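Work through the exercises below with the sequence and the 3D structure open. Each task is followed by a solution in steps.

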Number of protein chains: 2
Amino acid sequence: NPLHEECLLHELIELIGSLLYYKHSGVMQLGKTIQLITKPDGGIIKHLVKLRESKPYRERTSRCVVQSDLRLLKELVYHSAFHPDHESESDLAAQHTIPKKIAFYSNGDQDEIQNLVVQLPKTHQFVCLTHEGFLKKVTGLQNIDPNNCFVVEVAKPPERPILMPEEISEKIAEGKQEQGPDYRPNFRQDPPPSFVVVNQLQDPGNVGNLLRCCVGFGFKHVFFVNGSADGFNEKVLRASRGALLLRDQEKRAVLSYECGDLERLFTIAKGYNMPIYVSDTEGISPPLDTISNTEASEGKKIVVMNNEASGISENDREQLQHAQAKFVHIPMSPYCKSLNVASAAAVMLYSLRDNVVTKE
Amino acid sequence: NPLHEECLLHELIELIGSLLYYKHSGVMQLGKTIQLITKPDGGIIKHLVKLRESKPYRERTSRCVVQSDLRLLKELVYHSAFHPDHESESDLAAQHTIPKKIAFYSNGDQDEIQNLVVQLPKTHQFVCLTHEGFLKKVTGLQNIDPNNCFVVEVAKPPERPILMPEEISEKIAEGKQEQGPDYRPNFRQDPPPSFVVVNQLQDPGNVGNLLRCCVGFGFKHVFFVNGSADGFNEKVLRASRGALLLRDQEKRAVLSYECGDLERLFTIAKGYNMPIYVSDTEGISPPLDTISNTEASEGKKIVVMNNEASGISENDREQLQHAQAKFVHIPMSPYCKSLNVASAAAVMLYSLRDNVVTKE
């Protein structure tokens, strides 16, 4: 596309000129798009670190940061909350006047910066960190590949909770609608898909891997029981490869989420007549393979994964039993007491994914 | 058992006496069983740290260390290489004169030490670290629960490679035998079980989780392709919950292992007529569910898991194709490029575990 190439060339000429001119003056504004950080100036670095470390700050600004390599960055660009097509959500709390940022390391070398910037989405402001130490500070990591490490600030998608039919009616009576010019991603009208419950999982790596499995096996919603790890924790985002940020063709979250307590979960399950399957390490529960291959496992369902160290608490077990949840265990050798919860989730979600019977 | 209780009481009295007497004298020998480390003395701490950090040192001493909680420790005591019943392997290189150690933290409080020691196996020498900092040094971890953290030194089980029939004949002709008074765990006579190939996996957490899945799903042997993470790396041992250290009732490794190159793997596969299944992220491979539920997947098999970042190298792919390996992919949503390798391994091994068809 010659027009595109011409634009690009124009941009590059502008960029080179700006760099030559501003190279030694600290924090600089290059054209409208690149900020070069050559001194440990507090502002931007502090902002990105705070987004990474502080859940209240993420909630206040409706932003979060993902540390990614170029591959993930491209996946996010292609499918995510910061795809240019998806920036028109005028009522998103995330639409602040502060532009979102992509921070990366470069020693200020023009060719390098150019090569990087042409690959990055135009929706963001670029922040070029000219010292590896700044990148370590922003990522909080000691071992990074500075040439393939990006810190990307994105809008934190709001909760998109499953609503009961009467709650949907109320919203509509109030004049709200889910899509159109006033697209509100936090109001869902569709009946719930099969979904996963993160019950008191604490380890962000495990939660991230679980979310990645949710996306992989077509579970389109995740219910975080209050007290579980935050889905926008930096490690969760990294391990999940940004699962909670991806959008589908209809601009909806590939994996929507909500937070709540078990009571609310039971209301949903009962209201929509969805069976609840609970991953259990107790051998007295029926084995997964007797359940995943029966008619009973067809249709929409809820899968509950529990705390990695302590499993299901006695209180939760009673509540779940009372709600007629079905406890299942993954059949295993007696030499193995349990799997890592992310591995167990992979097996559970693979086995219980929608249409597992008809596919086989 | 009153006799057992009397012995225990006797031991405790001895212990209390020793403690009262030796409390402030640095490194001490309490009776024959407890060493109290009250000063940053180099010897034992250095030894344990070296075992943790240095593969050559592990190989030279045929020892390794596992950092564990009390639950894992009990599992190891019950099923492992350091169960008293298993200490009679006279020809194990591991049988040095230096006793193996269990190091734990305690502030020197007698009740605490007693409560701990009565729960620990008698086969080891106890090393009581009286400063939390020593435990951090020995484990290399900043966040530990000092009251539930044990560093256990165990014999590093030797390789127990799969041999070809003619190699077995040679060993027997040389007068060697697998079991009996000269039990040699590094010589196996039985035909190979279904096993797993760790092909260039680098992340110790992933390798550990994969090994845990091997045990869980009845894969009894693991073939480390040269260049993969070391199976006795501290993080591998921790993530695998000591998978490579567990023994079955016949005192054999629950999960035996060997290291080698792909050529050797092909020799085994061809010699024993075992199909090779390779986990692939390319969608053009047949999906796992069309394979795991057919007759073809019955019988002993080999499952290859590849590097977490780069997958299968082109060279390996060619070699594997040439050896008529079957490439399979886990069917997944287009929004998910791949799963974490430990999650993928869980799904692969669960689906391809022995007798999967007859069980279902």
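The exercises go from the make-up of one chain to its salt bridges, its backbone and the contact between chains.

The model is predicted: local features need pLDDT of at least 70, side-chain atom pairs count only at pLDDT 80 or more, and totals for chains, interfaces and linings use all residues. Residues are numbered from 1 along each chain as its sequence is written, chains are lettered from A and ligands numbered from 1 in the order in which they are written, and side-chain values use heavy atoms, with hydrogens and water left out.

**Exercise 1. Describe the make-up of chain A.**

Step 1. Take the secondary structure, where helices (H or I, at least four residues) and strands (E, at least two) are DSSP runs numbered from the N terminus. Chain A has 14 helices and 12 strands.

Step 2. Turn to burial, where buried means under 20% relative accessible area, exposed over 50%, and partly exposed in between (1.4 Å probe, protein chains only). Of the 360 residues in chain A, 54% are buried.

Step 3. Look at contacts, meaning heavy atoms within 4.5 Å. Among contacts in chain A with a separation of 6 or more, 77% are between residues 24 or more positions apart.

**Exercise 2. Find which parts of the chain the salt bridges of Arg241(A) and Arg264(A) link.**

Step 1. Apply the rule: a side-chain nitrogen of Lys or Arg within 4 Å of a carboxyl oxygen of Asp or Glu. The count over all chains is 20 salt bridges.

Step 2. Arg241(A) pairs with Asp69(A), with 3.5 Å between the closest N and O atoms. Arg241(A) sits in the loop between helix H9 (234-239) and strand E9 (256-260), and Asp69(A) in the loop between strand E3 (63-68) and helix H4 (70-79), so the bridge ties together parts of chain A that are 172 residues apart in sequence. Arg241(A) is buried at 17% relative accessibility, while Asp69(A) is partly exposed at 25%.

Step 3. Arg264(A) meets Glu167(A) at 2.9 Å, N to O. This pair joins helix H10 (residues 262-271) to helix H7 (residues 165-173) of chain A, the two residues being 97 apart. Arg264(A) is partly exposed at 23%, and Glu167(A) is partly exposed at 25%.

**Exercise 3. Which residues other than glycine have a positive phi, Arg241(A) being one of them, and are they buried or exposed?**

Step 1. Recall the usual case: most residues other than glycine have a negative phi.

Step 2. Arg241(A) has a positive phi of about 50 degrees, and this residue is buried.

Step 3. Gln324(B) has a phi near 60 degrees. Gln324(B) lies in the loop between helix H12 (314-322) and strand E12 (326-328) of chain B and is exposed, at 67% relative accessibility.

**Exercise 4. Characterise the contact between chain A and chain B.**

Step 1. Each side is counted in residues: 37 from chain B and 37 from chain A.

Step 2. Buried area is the accessible area (1.4 Å probe) that two parts lose on being put together, summed over both. For these chains it is about 3,000 Å², 56% of it on carbon and sulfur atoms. In chain B, Arg212(B), Tyr335(B) and Tyr350(B) lose the most area to chain A, together 23% of what that side buries.

Step 3. Two salt bridges are counted between the chains. One of them pairs Arg353(A) with Asp289(B) at 2.8 Å, N to O. Arg353(A) lies in the loop between helix H13 (341-351) and helix H14 (356-359) of chain A and Asp289(B) in helix H11 (residues 288-292) of chain B, so the pair joins two chains. Both residues are buried.
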